[in-house]
Amino acid sequence: MEKVFTENDFEILIATMNQTNLDFLAAMFPYNHFSEYSILIINQSLDTTLSSIYPSVRIINSTSVGLSKSRNLALKNANGKIVLIADDDVVFQKDFVSKIIAAYNKCENATAINFAAVIGNGSSLKKYPAYSKMKLNTFDIFNVSSIEMTINKERLDSVGVLFDENFGLGGKFEMGEEAIFLFDLKRKNQPIFFENEIIVQHKQSTTSTNKKEVEKYYIQGALLTRGLKKNYLFWLIVKLFFDLKQNKLGFNTLFQVLRSAKKGREMMIYLQNEK
């Protein structure tokens, strides 16, 4: 098979805040020095400036606030044909670049390919499909974290999709930016795949696990309204069912989380009408 992409086509897009030097990169790249990779860092800060002596490591210092704003700034300025979305606290696994490039050479028409992540002890970060998957359903999309996402930049640019800046840390709704991004791609009939290969390690605790259920349902109300539109009620009932079944919710809090979801939905509708 002729190779469409090589490792020279690959770039890592890192979102960070208040950095003054590149020391944080050493922990992220335990197998090779970070300067061996093409990296674009978006450093959001009001009073610190980051710089690089390495030609392969580019820096954009930004005074804006919000994770999705950082992601979008990186996507607009990326040079790579294939880009990886990264946070500043991940640890890249051995041969992660070759795994990603091999996946895109196998699935040449993919706009996005999601991979797997592990936690510190080597266990899976979450439950993934057992095998590679050529078509992601709604459940799969809800399960994706941004650190697992890679993107074909040319195909992305052709459809004009970016992260919704209302979602993600620093936005009005502090989770769900990955799902909204992928739903927008799916709505434009862009192929989204899953490759059962581990590329990154991340701590187990996430924004989601640190939030109370009432807060989560406020965000879910907005996310389902924005991402699934007319199917809002169906997917809200599905989520309620699973959360009750897994004892994440009690029947005594049911009306409280439903009210919270309604408020999130109303806020999202307000923001959409404001445009």
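## Close-up views of a predicted model

**View 1. Lys229, a residue between two helices.** Lys229 sits in the loop that runs between H7 and H8. As you look around this predicted model, pause at the backbone here: Lys229 is not a glycine, yet its phi is positive, at about 50 degrees. Most residues other than glycine have a negative phi. Is Lys229 buried, partly exposed or exposed? Its relative accessibility is 40%, so Lys229 counts as partly exposed, given that this class lies between the 20% and 50% limits.

**View 2. Helix H8 from end to end.** Helix H8 covers residues 232–245, which makes 14 residues. How does the span of H8 compare with what 1.5 Å a residue should give? The expected span is 20 Å, and the end C-alpha atoms of H8 are 20 Å apart, so the two agree.

**View 3. The buried side of the story in H8.** Which residues of H8 are buried? They are Tyr232, Trp235, Leu236, Val238, Leu240 and Asp243. Follow these buried residues outward to find their partners: they pack against helix H4 (138–142), helix H7 (213–228) and helix H9 (254–274). H7 may be familiar from the first view, where the loop holding Lys229 links H7 and H8.

**View 4. Asn247, just past the helix.** Moving on from H8, you soon meet Asn247, which takes a positive phi of about 60 degrees. Asn247 belongs to the loop between H8 and H9, and it is a residue other than glycine. Is Asn247 buried or exposed? With a relative accessibility of 66%, Asn247 counts as exposed, because that class begins over 50%.

**View 5. Stepping back to the whole protein.** The close-ups above belong to a protein with nine helices and eight strands. Its C-alpha trace spans about 55 × 50 × 40 Å along the principal axes. A compact globule of 275 residues would have a radius of gyration near 19 Å, and the protein has 19 Å, so the value agrees with that rule. Buried residues make up 51% of the 275 residues. Among contacts with a separation of 6 or more, 73% come from residues 24 or more positions apart.

**View 6. The outside and its charges.** The protein exposes about 13900 Å², and carbon and sulfur atoms supply 51% of that area. How many charged side chains of each sign are there? The protein has 34 positive and 29 negative side chains, with the centres of the two sets 9 Å apart.

Notes
Residues numbered from 1 in each chain as written. Predicted model: local features only at pLDDT ≥ 70, side-chain atom pairs only at ≥ 80, totals over all residues. Heavy atoms only, no water. Helix = DSSP H or I, 4+ residues; strand = E, 2+ residues; numbered from the N terminus. Expected span 1.5 Å × (residues − 1). Buried < 20%, exposed > 50% of the residue type's maximum accessible area, 1.4 Å probe, protein only. Contact = heavy atoms within 4.5 Å. Rg over C-alpha atoms; globule rule 2.2 N^0.38 Å. Areas by Shrake-Rupley, 256 points an atom, 1.4 Å probe, with all protein chains shown as cover. Lys, Arg positive; Asp, Glu negative; His and termini not counted. Charge placed at Lys NZ, Arg CZ, Asp CG, Glu CD.
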